[in-house]
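This report deals with salt bridges and with the pairing of strands in one sheet. The sequence and the structure come first.

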Amino acid sequence: MLASAPGAQTVSTTNDLQFGNIYPGIPKEILKTDVGSAAEFYITGTEGAEVTIDFTLPTYMNLGGFNMQLIFYETSVALDSSATPDQTNPPVDDLDPWQTITYRIGSNGLTIWLGGKLVPRLVQPPGDYNADIVVNVAYTGN
Amino acid sequence: MTRSVSTFCLLVALAICPEPGLTVQPAAGESAAIPVTAEVVYPLGVVAVDLADQKPSVLTGGIQQKPSERHLELLLYPGKVGESRLQLGPAGRSSTVVLRSGVTTVKAVIDTITVPGDSLTVVTIIPVSQ
């Protein structure tokens with residue numbers, strides 16, 4: 001019955017989540033629709049196959065021993081499985097990155113966007129802060 | 001009996017022509033790391049400007065520094081880019097920013113800061129080399 005082997009799914013990052021310059025004490029939010037700033041990644045695999053998408057989200061960015069609070073909302077994810085993904089007006093919007101997201105891969109793969117918010121302290125030490133979001137994609141078999 | 005025959009026919013049909021969505025087996029997940037980046041900066045000065053409907057995209061510009069002073073003169077008006085002045089906004093504006101000792105190069109960053117009930121466009125002057 002399950003005779004044909006699936007095309008392996010792949011996930012690749014198209015755009016990092018970039019907050020740019022942050023000023024002490026002034027929160028900054030990157031919307032999932034912010035082209036070039038929001039995180040964007042791309043999933044390929046068997047067209048029509050259902051996949052689960054799980055995020056491991058950092059709650060802080062780090063610079064040496066310093067950290068800075070990072071917030072992801074329950075509506076911070078959008079996706080598009082169409083042939084021409086539209087980040088500014090995604091057909092599937094306001095998904096929760098804290099929960100498993102289940103969707104089907106389209107003919108042109110599946111593009112996903114993620115925004116977030118940074119909350120620097122008033123005395124946040126200057127410098128380059130970094131963190132990693134880990135995303136895991138797996139077939140469900142459906 | 002009818003149900004058994006129907007079920008058998010369905011199984012045969014699926015075996016002959018499996019649908020892609022039904023034949024994908026669960027597989028080990030594929031992971032990727034997405035970097036998150038930010039730079040915390042302490043500005044030398046912040047100049048509020050009226051950008052009207054313009055959306056400047058130039059973030060750096062040359063600076064004209066008076067030789068006898070550590071003062072930075074910013075002329076904010078519409079026009080060209082990449083000259084010795086920062087040029088923004090529909091109307092002429094100027095402002096002076098005092099540089100710290102040893103700062104020779106600065107960068108101007110245009111940003112929109114949202115505060116409760118309002119949003120403010122600012123030009124922030126950041127030391128680059130010192």
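A:Lys32 is buried, with a relative accessible area of 13%, where buried means under 20% relative accessible area, exposed over 50%, and partly exposed in between (1.4 Å probe, protein chains only). This is a predicted model, in which local features need pLDDT of at least 70 and side-chain atom pairs count only at pLDDT 80 or more, while totals for chains, interfaces and linings use all residues. Residues are numbered from 1 along each chain as its sequence is written, chains are lettered from A and ligands numbered from 1 in the order in which they are written, and side-chain values use heavy atoms, with hydrogens and water left out.

**Salt bridges**

A salt bridge is counted when a side-chain nitrogen of Lys or Arg lies within 4 Å of a carboxyl oxygen of Asp or Glu. By this rule there are 3 salt bridges over all chains. The table gives each pair with its N to O distance.

| Pair | N to O distance | Separation in sequence |
|---|---|---|
| A:Lys32 and A:Asp93 | 3.4 Å | 61 residues |
| A:Lys32 and A:Asp94 | 3.1 Å | 62 residues |
| A:Arg104 and A:Glu50 | 4.0 Å | 54 residues |

A:Lys32 lies in the loop between strand E3 (28-30) and E4 of chain A, and A:Asp93 in strand E9 of chain A, so their salt bridge ties together parts that are 61 residues apart in sequence. Strands, like helices, are DSSP runs numbered from the N terminus (strands: E, at least two residues; helices: H or I, at least four). A:Asp94 is also in strand E9 of chain A, and A:Lys32, A:Asp93 and A:Asp94 are linked in a network of salt bridges. The two acidic residues are partly exposed, A:Asp93 with a relative accessible area of 33% and A:Asp94 with 44%.

The remaining pair joins A:Arg104 in strand E10 (residues 101-104) to A:Glu50 in strand E5 (residues 50-56) of chain A. Here A:Arg104 is partly exposed at 37% relative accessible area, whereas A:Glu50 is buried at 16%.

**The sheet**

Strand E9 of chain A also belongs to an open sheet of 5 strands with antiparallel pairing, in the order E1-E4-E11-E8-E9. Two strands pair if DSSP finds at least two bridges between them. Strand E1 (10-15) and strand E9 (92-95) stand at the edges with a single partner strand each, so one side of each is left without a neighbour in the sheet. Neighbouring strands are turned by 25° against each other on average, direction ignored, with axes taken as lines fitted to C-alpha atoms (for helices over the stretch in contact) and angles running from 0 to 180 degrees between N-to-C directions.

Strand E11 (residues 110-114) of chain A runs antiparallel to strand E4 (residues 39-44) and is joined to E4 by 5 bridges. A:Phe41 has A:Ile112 as its bridge partner, and A:Tyr42 has A:Thr111. Strand E8 (residues 77-80) pairs with E11 in the antiparallel sense over 4 bridges, with A:Ala78 opposite A:Trp113.

In a regular strand the side chains alternate between the two faces of the sheet. In E11(A), A:Leu110, A:Ile112 and A:Leu114 are buried on one side, and A:Thr111 and A:Trp113 are buried on the other. With 5 of its 5 residues buried, E11(A) is therefore largely enclosed by the rest of the structure.
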